[in-house]
Amino acid sequence: MIRFNMSNYNHIAKAIPMTLQCYLQKNHLSGLRKTYLKISFDTVQQLMDVKRDLMHVVERNQKKSNASEAYESIIAGKQKEQIQDFVYCISDLREYDVPYHVRFAIDKDVRCGLWYDVSVSSDGVKLERRHDLLQRAEVHVCAFDIETTKLPLKFPDAEYDLVMMISYMVNGRGYLIINRECVGEDVEDLEYTPKAEFEGYFKVTNLKNEEELIKLWFAHMKEVKPGIYVTYNGDIFDWPFMERRAAHHGLIMKDELGFQCDTVQGECRAKFACHLDCFAWVKRDSYLPQGSHGLKAVTKAKLGYDPLEVNPEDMVRFAKEKPQMMASYSVSDAVSTYYLYMTYVHPFIFSLATIIPMPPDEVLRKGSGTLCEMLLMVEAYVANVVCPNKHQSEAEKFHNGRLLESETYIGGHVECLETGVFRSDLPTSFKLDPSAFTQLIENLDRDLQYAIKVEGKMDIETVSNYDEVKDTITEKLISLRDEPIREECPLIYHLDVAAMYPNIILTNRLQPPSIVTEEVCTACDFNRPGKTCLRKLEWKWRWETYTAKRSDYYHLKRQIESEVVAVDGFKSKSFLDLSKVDQQLKLKERLKKYCQKAYKRVLEKPTTETREAGICMRENAFYVDTVRSFRDRRYEYKGLNK
């Protein structure tokens, strides 16, 4: 891999070799490899500038390559042109969309939650992993919750509603700040300990208005300096509300605490501290049903106690009439959030962060697919494998003369053969298949030897009662074969698949690069008569098409290309001036309306089709080996947990 430190693309444009290819070499199993050019940048902006310059070059070259291949298939023996500029040979770009911090963590093998020795020299900063330190560092954790005023039957609005109370716990110590503008009387120090292991002693501070409340909280956070801020749905409510109310009083939350809300991502982050929203963990990892994601329901299910509950419409009134009770309710949320985080979220997220090259807040918020992708990227870097780009489906793909709306495959499923309640002390009727028992009897020697040699790891010569055991089993199988209809008390076994999808992948060596075509096999050196390295597997393709025909689609497309369309509801643009994604969206909107009018329905019924794929058994086992290592690690952890 060649690394360039580059500040200006024009200086090296003609030096880029024809090595940025997106597909595997044909016959690569014989040892053929491509050379990739690796370019490094001083800043992210430089990378974005070069990517923008090269993207249209790649698109042009790919189109030209497809046209050349089609032409050469018709006219054989065409002499290849002399290459004048190597820019015309760039056919793909890889790993340009990896975020900088992820790239750094992968390249330098740095992970959150681990210990490092840090040294600074003229060569730069050096990090050395401390393998002798296994215990996680305990940073300051602050879990907070706010209570606000609200109008009847309205959701709190930060434009005019006030913060009544801020309750928070820092390393197990509780604090409550009261805004006397909204609370009827001073509140005394209180204790809220729902269970012996969840202690909550709160020091109460009564202040005369909201501005003093916010300033005191900011000042206390600067003093204790939490490394982790914890909320429950704080990305959506607590942080944005606090930011808006602070701005109302002339305070900028980013300057005070370093946190700023991102309205686009719907997240609140800082550069020097983590914000971990427990609600994200509940949605992704708690396995609670959809209707049980509120803090009260989660507290009951995960912490095992019933928290205090107050009707939202009564909160403002109770703050005036029953301030002590309302204070107890406020701190109960802080207690629930803090202990939910410390019990479940903290160990889980920081354990994941030790193997995933992301900061803890991203490990918490990203989907499971993204986390798996990050793990594969780490293993790919170690194995010197260049990651493929994210798959993008074709914008216009037709089947049976109609535009495809969606296509997928039918995955594995668990089939329930019989339902009911079964007990070992109640007789059950059985209807057996005699041929199955005949087959078991014929294969009995093979099965016993497998159990002894493979599972038991013993020599068959060491077994002294082999014939005796075999005869006993044979007699029972013959009895079952000769009397297939019987009524007996059943023996109930619990059978579980330890890891279904990983085992399917490992058994069949399933991985993206191993799905090969006849063309790939033909070019391979291992393609000989009687080959056993190609395995044929059936799969089911499922698709949906629009009811309109291909001719209808192209007619609508020509029509809309000459029009000016509305963008964002009020702007108008020529259709051809829109991005490709927006063009496709507008075109599909028009197609749906046409289908509804002309055919009375938009989509045809989903259809399935059985297809056959060739799986190469010799393909590089990087993906399969990665799955195996994680499966085995899962077995190990499950065993230790038991």
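In which handedness of crossing does helix 11 pass helix 19? The crossing is right-handed, where right-handed describes a near helix turned clockwise from the far one by less than a right angle, and left-handed one turned anticlockwise. The structure is a predicted model, in which local features need pLDDT of at least 70 and side-chain atom pairs count only at pLDDT 80 or more, while totals for chains, interfaces and linings use all residues. Residues are numbered from 1 along each chain as its sequence is written, and side-chain values use heavy atoms, with hydrogens and water left out.

A few words on helix packing help at the start. Two packed helices are described by the angle between their axes and the distance between the axes. Helices (H or I, at least four residues) and strands (E, at least two) are DSSP runs numbered from the N terminus. Axes are lines fitted to C-alpha atoms, for helices over the stretch in contact, and angles run from 0 to 180 degrees between N-to-C directions. Helix 11 spans residues 368-382 and helix 19 residues 622-641; their axes come within 11 Å and cross at roughly 120 degrees. Helix 11 is therefore oblique to helix 19; angles under 35 degrees count as roughly parallel, over 145 as roughly antiparallel, 65 to 115 as roughly perpendicular and the rest as oblique.

Helix 13 and helix 14 offer another packed pair, with axes 11 Å apart and an angle of about 130 degrees. This angle makes helix 13 oblique to helix 14, and helix 13 passes helix 14 in a right-handed crossing. A salt bridge (a side-chain nitrogen of Lys or Arg within 4 Å of a carboxyl oxygen of Asp or Glu) also links these two helices: the side chains of D445 and K470 meet at 2.8 Å, N to O. Because D445 lies in helix 13 (residues 444-455) and K470 in helix 14 (residues 466-482), the pair ties together parts that are 25 residues apart in sequence. D445 is partly exposed at 30% relative accessibility, and K470 is partly exposed at 23%; here buried means under 20% relative accessible area, exposed over 50%, and partly exposed in between, with a 1.4 Å probe and protein chains only.

By the same rule, the count comes to 42 salt bridges. One of them joins K557 and E396, whose closest N and O atoms are 2.7 Å apart. K557 sits in helix 17 (residues 550-561) and E396 in the loop between helix 11 and strand 14 (398-399), so this bridge connects parts 161 residues apart in sequence. K557 is partly exposed, at 22% relative accessibility, and E396 is partly exposed, at 26%. Within helix 19, the side chains of D625 and R628 form a salt bridge with an N to O distance of 3.0 Å. D625 and R628 are 3 residues apart in that helix, which means that about one helical turn separates them. D625 has a relative accessibility of 40% and R628 one of 32%. Elsewhere, salt bridges that share partners join E95, R103 and D107 into one network.

The surface also carries a nonpolar patch formed by V44, M48, Y100, F104, V118, V120, V125 and L127, with about 800 Å² of accessible area together. Helix 1 (44-74), helix 2 (100-108), strand 3 (116-121) and strand 4 (124-129) are the elements that give two or more residues to the patch. V44, in helix 1, is partly exposed with a relative accessible area of 48%. Patches are made of residues with over 30% relative accessible area and no salt bridge, joining like charges within 9 Å and nonpolar side chains (Val, Leu, Ile, Met, Phe, Trp, Tyr) within 5 Å. Accessible areas come from the Shrake-Rupley method with a 1.4 Å probe, and for residues only the protein chains shown count as cover.

Helix 12 (residues 434-442) includes L440, which is partly exposed at 39% relative accessibility. The C-alpha atoms of L440 and I478 are 9.9 Å apart, with their positions 38 residues apart along the chain. E442, also found in helix 12, is exposed at 62%. The C-alpha atoms of E442 and M315, 127 residues apart along the chain, are separated by 76 Å.

Backbone geometry completes the picture. Most residues other than glycine have a negative phi, and most peptide bonds are trans. N384, in the loop between helix 11 and strand 14, has a positive phi near 60 degrees and is partly exposed at 47%. N400 has a positive phi near 55 degrees; N400 lies in the loop between strand 14 and strand 15 (402-409) and is exposed, at 63% relative accessibility.
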